[in-house]
Amino acid sequence: MQRALRIAIVGLIIGPFAGQSIAQEGFWPGADYDPAIPTIEDVLGHASGERITWHRDTIRYFEALAEAAPDRVTLQRYAESWEGRELIYAVISSPENMARIEDVKANMQRLSDPRKTTRAAADSIISNQPAVTWLSYGVHGNEISSTDAAIMTAYHLLAARGDDRVADILRDTVVVIDPMQNPDGRDRFIHRFEIAEGLEPSPDLISAEHNEPWPNGRTNHYLFDMNRDWFIMTQPETRGRVRALQEWYPVAFVDAHEMGSNSTYYFSPEAVPFNPHLAKNQTESLELFGRTNAYWFDRFGLDYFTREVFDAFYPGYGASWPSYFGGIAMTYEQASARGLVVRKYDGVEMTYRDTVRNHFITSLGTAQTAAENRKKLLEDFYGYQVSAIEEGRSERIRSYIVPAQNDQAAADKMAGLLVRQGVEVGRATASFSACGNSYEAGSYVINLAQPRKRLVRTLLDADVPMDDEFLAEQERRRAKKIRDEIYDVTAWSLPLMMNVQTDSCGRSVNAAIVAAGPELVQPGVVSGGTGSVGYLVPWGSSSAVRLLAHALRRGLSVKSSNLAFTHMETRYPSGTLILDTADNPEGLRDVMVELARETGANVSAVDDSWVTDGPNFGSMRVVRFSAPKVAILWDTPTSSYSAGNTRFVIERQFDYPVTAIRVSTLAEGDLSGYQVLIMPEAWPDYRPAIGDEVIAKLKDWVERGGVLIGVGNATRLLADPNVDLLAIRRENAVVEAEDEDKKDKKPAKKNGDEPQETTVEGQYVGDQDEYQALITAEKASPDSVAGVLARANVDPDHWLGAGTAATLNVLVRGPDIYTPIRLDKGVNVAVFPGADELLASGYMWEQNRKQLAYKPFAVAQPMGRGFVIGFTQDPNVRAYLDGLNVIFMNAIFRGSAHARPVR
Ligand SMILES: [Zn+2]
């Protein structure tokens, strides 16, 4: 029935194509546009696809549309970028739908909860409810065509008179257009593109127009890939979108991207592996959209592909997150012109206009499919909620409980994040027991018989399994050294990443609870005495770190005990902060109350200094913090993600300023004003950008009291034997034992002075194994890991591990594995455990798992008056490994406190 309808509509459209050269026509052949609606040229002075439209002009054009057709389009501001640019979406539908648009939204809210809306009520809503289609563009700012396609799509929906689909689309759907998800990145791209422009656009990929300097426009201000941020919402742009989507609950959501210039066009259905928590009919519906897009691409004679490369296993993409409230989420990818014209590898020139048109075609195709399948999509949306609740009632895991715990700030944040994504979270008002455990008041309870059950499972389960067949294929490819097809990390469990104890239970929990709110930070309090002697802040939570950062910025005097101690029968962990009243300005109590409130840290006021166990406040084991000046290496060859995300963690999660220093200025720059220098990851390596002179300079600065912190693959440089800033070494892949005897049979290495033989010894290859040994690289690095969570055990005696959890969960990515440091050189402060214990979540090659055992994650090495600290994996990836915040911030604040002042 639906199919017949589509063919009928299509039949009406074919006419205008007959005998016309599409390339010479407007965007939609045969369409005639209402002159009352301003064209892009009228408002901005350029035709669609002729220029890459700036953020401010895009807003200006949408405002002109809203003014010209107020009965069919409204604009809504939903967020502001770090650099102050506004993010908007346009709502477009028929005047009838627009007149009752609040009802349309309210109806989607009703359909989203079958506990409040019976099947009969749902049927009655669906009979007269437009399906919301959400078209999102340009989350990656240098994927430029989509924003201009958004402009063209809006214009077409409001002005086209020759396309019969438009009336159906406006009647049966509400089209929400988010023209620009990343305005900071887009304007960065355009600015640099225009700087490089000359008399004519160059199609050459090596021309400056096509070569983006660091950082490219993909990311936002803090250099985040916002297409990974959806469930963790560290960025204001993402937070606004997450809020907006839950107001509308679109049944179809498209995230329009670009890919490499030599490709064609990609649309759904997506690649395997599918996330097992998605509902089956969601993956089936992807095909409906794919087929319509394919139909139009055939009409235009355009190439495309489906089912390869782009999967939706990870829940933090735009093409996956909306699936967890029951929508159909998709990614579309257009080969990028990265400018106004590009010559592809086969000599064909592709213009910017071509790329804009292709996204425009699929945008309309998507709205058309939603209109044609309005009823099915709405029914599936309601059915999704019904089955989610049913599964939550009957599956093995029926509730999650987050006990009140030491790092309550982390538990609060996790609960707040879930609430912001529509999860119903309760906070116990009294103690209770469940599944044989007792829980204190303040524990969080998440019963899974709720519409967001699938989101909760995918975010809180320790592991989300990948399809066996898919994994077998990856092992086969790896054996042949063909690149694997795992697109992103294979582990993202929030309790592991945030180090929050979370219990699952096979029954729903019946406890006295109140609904938890969306706050991420609960205000802390000052308790205890009057504070005549001072204030103690137990160490180990991100809120305590934030309090330290705030206190140092205010110029307060803060000390810290390297060892745990007992005061008035309370045990304080190692690293606890001590603020002496005598050392600080008058009115400290008021300041502490304010600090506790704004940072979320709890503070104990003490009136005597006597400790019954552990060091006294005046012990040599107690150190005084300086307020370190912190710098981070910036610009090429650093990885923009690592540099930006690390700076974000320090500046926006802990409110401590960081100075960015370009690698290219290191040679002449004076570092003596800084106490801490962070080296983020590099792409591909710091060599040769950092030469021997800079190495010598860094070594000298450390010896004079600097703290050099290497992050992730920056450790490669520090551990390079020719650099030797850190006495560990990067390992090659282990040569397996059976290959060992074959290695012995190899002819001895020739002395370099002898002339090279022109031939080699002949040999028989007896079987497949021998053949494999023969083609295996003699010296290779371990295989690259896509991303797993691995445990690392912390040495509690070292200040770098002060107050942290005994076991951390580290995101392990890439091929790098290092030897541990010898005790005469330094301390392995966090070490991966044995091969059978180390994997916490995700898919890891067996050889890597075996080789990573007992290798270091965090190493501290004293050098002169300073320290070199190496984190062999990046603790700040996507700013979502909160469980690693304390050890990383220890490196900054405790590293500089233990070093001697830089001189
Ligand atoms: Zn993209």
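Reader: How many salt bridges does the count come to?

Author: In this predicted model, the count comes to 59 salt bridges, where a salt bridge needs a side-chain nitrogen of Lys or Arg within 4 Å of a carboxyl oxygen of Asp or Glu.

Reader: What makes Glu 143 and Arg 218 a salt bridge?

Author: The side chains of Glu 143 and Arg 218 meet at 3.5 Å, N to O, and because the rule asks for a distance within 4 Å, the pair qualifies as a salt bridge. Glu 143 lies in the loop between β3 and α7, and Arg 218 in the loop between α9 (183–196) and α10 (236–248), so the pair ties together parts that are 75 residues apart in sequence.

Reader: Why is Glu 143 called buried?

Author: The relative accessible area of Glu 143 is 4%, and since buried means under 20%, Glu 143 is buried. Its partner Arg 218 is buried as well.

Reader: Which residues coordinate the zinc ion?

Author: The zinc ion is coordinated by His 140 through ND1, by Glu 143 through OE atoms, listed twice, and by His 257 through ND1, at 2.0 to 2.4 Å. Along the chain these donors follow the spacing H-x2-E-x113-H. Glu 143, in the loop between β3 (131–137) and α7 (145–159), and His 257, in strand β5 (residues 252–259), are 114 residues apart, and the pair links distant parts of the chain.

Reader: Why is the arrangement around the zinc ion called irregular?

Author: The 4 donor atoms subtend angles of 58 to 155 degrees. A tetrahedral arrangement would need all angles between 85 and 135 degrees, and a square planar one would need opposite donors over 155 degrees apart with all others between 65 and 115; the angles here satisfy neither rule, and the arrangement is therefore irregular.

Reader: How do you know whether His 257 is buried or exposed?

Author: His 257 has a relative accessibility of 2%, and because the limit for buried is under 20%, His 257 counts as buried.

Reader: What makes the positions of Glu 287 and Arg 291 about one helical turn apart?

Author: Glu 287 and Arg 291 are 4 residues apart in helix α11 (residues 280–300), which is why they are separated by about one helical turn. In general, an α-helix has 3.6 residues a turn, so residues three or four places apart point the same way. Glu 287 forms a salt bridge with Arg 291, the closest N and O atoms being 3.4 Å apart.

Reader: Why is Arg 291 called partly exposed?

Author: Arg 291 has a relative accessibility of 48%, and because partly exposed covers the values between 20% and 50%, Arg 291 counts as partly exposed. Glu 287, at 30%, is partly exposed too.

Reader: How do you know that the length of helix α12 agrees with what is expected?

Author: Helix α12 (residues 352–372) has 21 residues, which at 1.5 Å a residue should span 30 Å, and its end C-alpha atoms are 30 Å apart, so the two values agree.

Reader: Why is α12 called largely enclosed?

Author: Of the 21 residues of α12, 19 are buried, so the helix is largely enclosed by the rest of the structure.

Reader: Why is Ser 394 called partly exposed?

Author: Ser 394, which lies in helix α13 (residues 374–394), has a relative accessibility of 43%; because this falls between the 20% limit for buried and the 50% limit for exposed, Ser 394 counts as partly exposed.

Technical notes. Residues numbered from 1 in each chain as written. Predicted model: local features only at pLDDT ≥ 70, side-chain atom pairs only at ≥ 80, totals over all residues. Heavy atoms only, no water. Donors = N, O, S within 2.8 Å, 3.2 Å for Na, K, Ca; no water. Tetrahedral: all angles 85-135°; square planar, octahedral: opposite > 155°, others 65-115°. Helix = DSSP H or I, 4+ residues; strand = E, 2+ residues; numbered from the N terminus. Buried < 20%, exposed > 50% of the residue type's maximum accessible area, 1.4 Å probe, protein only. Expected span 1.5 Å × (residues − 1).
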